[in-house]
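User: Could you take a close look at how the helices pack in this model? I'd enjoy a connected walk through that part, with anything else worth pointing out along the way.

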Amino acid sequence: MNVVVFGVGNPSRGDDALGPRLMAELEAVARPGVRLVEDFQLQVEHALDLDGAALALFIDAGTGTPAPFTFAEIQPRASRAVSSHALDPAAVLQVFRDVRQTPPPPAFVLCVRGESFELGAPLSEAAEHNLTAARQWLANCLANPTPAHWRQLAGDLALTP
């Protein structure tokens, strides 16, 4: 299955480096059928990276995210007026739908809890812990990259207290 993984974040801003850190680990291990796209933020152009994908994953850090992370399926949605600047993952899916006139692939967001986003700061201790949990989750996802498996994982996580 062709999977596209988007890693979003700024490695120079403390815990915002969670997405890029996971992407660096994925780059070190070649996975057939997995295409990696990393950037500081999502843009309109990233909708074109969904071409040919059967499944998409967006990885990012979040400040209000329950620890250690959330994992959920998303649907296309214009969350605000589409501009040439930062979009959320649902808006990227909407741009794909609008441009290609076809539904985007099933898509999920892995949002890892961050605590500190200051310029020049290293990952916080809490973020390091959350990164470890997210790394294991991501490995489980990529071991069986199918929408059905990922939906089951998302459902299982939602049931976890």
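Analyst: Happy to; what follows goes through the helix packing, then two backbone details and a pocket. Please keep in mind that this is a predicted model.

Let's start with helix H1 (residues 18-28) and helix H3 (residues 125-143), whose axes come within 11 Å and cross at roughly 45°. How are H1 and H3 set relative to each other? An angle under 35 degrees would count as roughly parallel, and 65 to 115 as roughly perpendicular, so H1 and H3 are oblique to each other. Their crossing is right-handed. On the H1 side, the contact is made by Leu 18, Arg 21, Leu 22, Glu 25 and Leu 26. H3 contributes Ala 127, Glu 128, Leu 131, Ala 134, Arg 135, Leu 138 and Leu 142. Sorted by class, this contact of H1 with H3 holds eight nonpolar and four charged residues, and no polar ones.

H3 also packs against helix H4 (residues 147-159), at an angle of about 150° and with the axes 9 Å apart. Angles over 145 degrees count as roughly antiparallel, and therefore H3 is roughly antiparallel to H4. Here, too, H3 passes H4 in a right-handed crossing. From H3 the contact takes Trp 137, Asn 140, Cys 141 and Leu 142, and from H4 it takes His 149, Trp 150, Leu 153 and Leu 157. The classes in the contact of H3 with H4 are six nonpolar, two polar and no charged residues. Leu 142 is worth a click in your viewer: this H3 residue takes part in the contact with H1 and in the contact with H4.

Now for the backbone. Most residues other than glycine have a negative phi, and most peptide bonds are trans. Gln 101 has a positive phi of about 55° although it is not a glycine, and you will find Gln 101 in the loop between helix H2 (89-100) and strand E5 (107-113). The peptide bond from Ala 67 to Pro 68 is cis, with omega near 0°. Pro 68 sits in the loop between E3 and strand E4 (69-74).

Strand E3 (residues 55-62) leads us to the pocket, as it supplies three residues, the largest share of the lining of the largest pocket. That pocket has a volume of about 160 Å³. Its lining has 14 residues, and Val 8, Gln 41, Leu 42, Asp 60 and Leu 87 are the closest to the centre. By class, the lining divides into nine nonpolar, two polar and three charged residues.

Notes: Residues are numbered from 1 along each chain as its sequence is written. This is a predicted model: local features need pLDDT of at least 70, side-chain atom pairs count only at pLDDT 80 or more; totals for chains, interfaces and linings use all residues. Side-chain values use heavy atoms; hydrogens and water are left out. On a 1 Å grid over the protein atoms alone, a cavity is a set of points where a 1.4 Å probe fits but cannot get out, and a pocket is an open set with protein on both sides within 12 Å along at least five of seven lines; lining residues have an atom within 4 Å of a point. Grid points are joined across faces, edges and corners, and a volume is the space filled by probe spheres set on the points. Helices (H or I, at least four residues) and strands (E, at least two) are DSSP runs, numbered from the N terminus. Ala, Val, Leu, Ile, Met, Phe, Trp, Tyr, Cys and Pro count as nonpolar, Asp, Glu, Lys and Arg as charged, and the others, Gly among them, as polar. Axes are lines fitted to C-alpha atoms, for helices over the stretch in contact, and angles run from 0 to 180 degrees between N-to-C directions. A crossing is left-handed if the near helix is turned anticlockwise from the far one by less than a right angle, and right-handed if clockwise. Contact means heavy atoms within 4.5 Å.
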